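Good morning, and thank you for the time. I should like to take one helix first and then the sheet, with the model on the screen.

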Amino acid sequence: MIRMGTAIFPNPTRGDCATWWHARCLAAVAHNQQICRIPVQMIAPLPRAMYELIGQLITTHQLRLVVHAPIAHPQQLIATFERIAAFFEACVADDSVIVCHVPTWHDTQRRTLIQLSATVRRFLAIEYTHGDFSEFQQQVTQVELPIVFDWLHYHQQAPWPYQPIDAAIASIASWQSRPALLHLSSPYTARSNRLTSGHGAHSDYLDVASGIWLLRSIKQAGMCADCELEVGAGPVALTQFQKAIIQQAPDLVPWINGLTG
Amino acid sequence: MYIPDDATVLIGIIKTATDLDTLISAQHYHIPIAHANLAYNADYFAAYLPKWHPTMAWHIGYVARINTCTIGLRQECCPHQPHHPRAMQYYVGLHLADITPCEPLIASRQWRRVWLHTTTGATLMRTPELGQLVRTQRRFFSQSLMPTSTTNYTD
C-alpha cells in the first residue's frame, strides 16, 4: 500500500495543543490522508489520554507522522530529536519519521548522527536537499540512516547523468525494513503558478506525468514507498493527483491501495 | 469592532435563521473537521449572510473574536438536527466572543458562493466588496472533498 499525504495544517496558531492534535489527526482521516506532517512546535507534552487517543487513530487509520527538524547543525538538535522521539514513543507511532536536513557534511556532523541514541535513530531520516546525489548517498550510508528522496530537490541540481528513478530506488532501498518516504513536488515555472505567501520553489499542484512515472517505476522495481506531496494547494492537489492516477494509470490503483504486491 | 491588520479572519456562511440565532445567543459556530486548519489559524470570525436574510443579504453582517476551538460530533453542536447525514461526523466548534454588527457592512456584489474563506484583517476591512478577495488572494476550495451529500436533507 502507498500512503499519501500533504500539509493540511500549514501554520497552526490557535487552540491548545491537545485539541490541535485531535483535530489534526481527524482532519487527515477526513481527507483520506495517511501521511501527516506535524510542525515541530506542536511536539509538546500532552495529557496521557491524548497520547492514547492519537495512538488509537494512528493504528486504526495507519497514519504516519512526519516531523521536519529545523535546518541546523545536528549537534544543536540533539534535544529536539529526543523530544520528538519521546513523543512518538508515547503515541506508539512506530513508523513515524524525523526528517533531518544536513547542510554540510563534516566529521562533527557524521559523529553526532552516529552517536545519537538508538531511540532517535529509529525514527531519523536524512532528506536529500542539494549536491551530487551519489556523494550524498555515500555520506548518508556512512552514518547508516535512510534517505528521504525529494523529486524537486533532485531536479533543482540539474544532474548529469540524469537518473532520478535510480536515485529514488536507491533511496527507498536505504530504508531497509522501515517503510520508505518520498517527497513529491514540482518546481513552479511561472509567476501566476505561485501562491502569494511563501511556498519557496514548490508549485501549487504536482506535475502528474512525472508523479505517475515515478510511482510506476517503483512498482516495476517491486518496491513500496509512502509519498508526501509538498504542494501549495494541499489536499486539493492531492485529490487532483489521485484522480489523474485513476484516469491515466488505472493499473497502479490496486497497487496503491495495497490489493496487489 | 476593530480587527488588527495582521489578524487572520475566517469568513463563514450563516445558512439559516436558526444558525444565526445559535451564533448570536450561544456564540458558537461549527465547521467540518476536514477544514479545521482554517479554524486553528483564525483569530476573528466574520459571518456572511446569504440571500435568506431580509436586510443584510449577501453581506458580512457580524464579526466576532474567536476564543477557543473544541472538537465534537455534529449532533453535539446541533442538537436540533439529530438526523442530519453528518450527525455522527466530527466538527470543530468555534467559541466566539464580542459578537458585533459589522460596520460598515461589507457587500458581496458578484461573488455569491462564499462558504469558508480566510483572509487578513487588513484585506477584509479595506476591501470595497468581497469579490476583491478572490482577485487578490489565491484560494483552494475543498468543498468537493466532503464525503456526504446533503442534497436531499431538509431541517
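Please note that this is a predicted model. In helix α2 of chain A, the buried residues are I54(A), L57(A) and I58(A). Viewed down the axis of α2(A), these buried residues lie within an arc of 100 degrees, so they line one face of the helix. That agrees with a general point: an α-helix has 3.6 residues a turn, so residues three or four places apart point the same way.

What covers this buried face? The cover of the buried residues of α2(A) includes α1 (17-30) and α3 (78-91) of chain A. On the other side of α2(A), the exposed residues include R48(A), A49(A) and T60(A).

As for its dimensions, α2(A) spans residues 48-61, 14 residues in total, and reaches 20 Å between its first and last C-alpha, close to the 20 Å expected at 1.5 Å a residue. After α2(A) comes Q62(A), with a positive phi near 50 degrees.

I turn now to the sheet. Eight strands of chain A make up an open sheet with parallel pairing, in the order β1-β8-β7-β6-β5-β4-β3-β2. At the edges stand β1 (4-6) and β2 (35-38) of chain A, each with a single partner strand, so one side of each has no neighbour in the sheet. From one strand to the next, the twist averages 30 degrees.

At the β2(A) edge, four bridges join β2(A) to β3(A), residues 64-68, and the two run parallel. Here R37(A) stands opposite V66(A) of β3(A). Finally, α3(A) packs on the sheet, where it touches β3, β4 (97-100) and β5 (124-127) of chain A. The direction of α3(A) makes about 160 degrees with that of β4(A).

Methods:
Residues numbered from 1 in each chain as written. Chains lettered and ligands numbered in written order. Predicted model: local features only at pLDDT ≥ 70, side-chain atom pairs only at ≥ 80, totals over all residues. Expected span 1.5 Å × (residues − 1). Buried ≥ 20, exposed ≤ 12 C-beta atoms within 10 Å, placed from the backbone. Arc of directions from axis to C-beta. Contact = placed C-beta atoms within 7 Å. Pairing = 2+ DSSP bridges. Axes fitted to C-alpha atoms, helices over the stretch in contact; angles between N-to-C directions.
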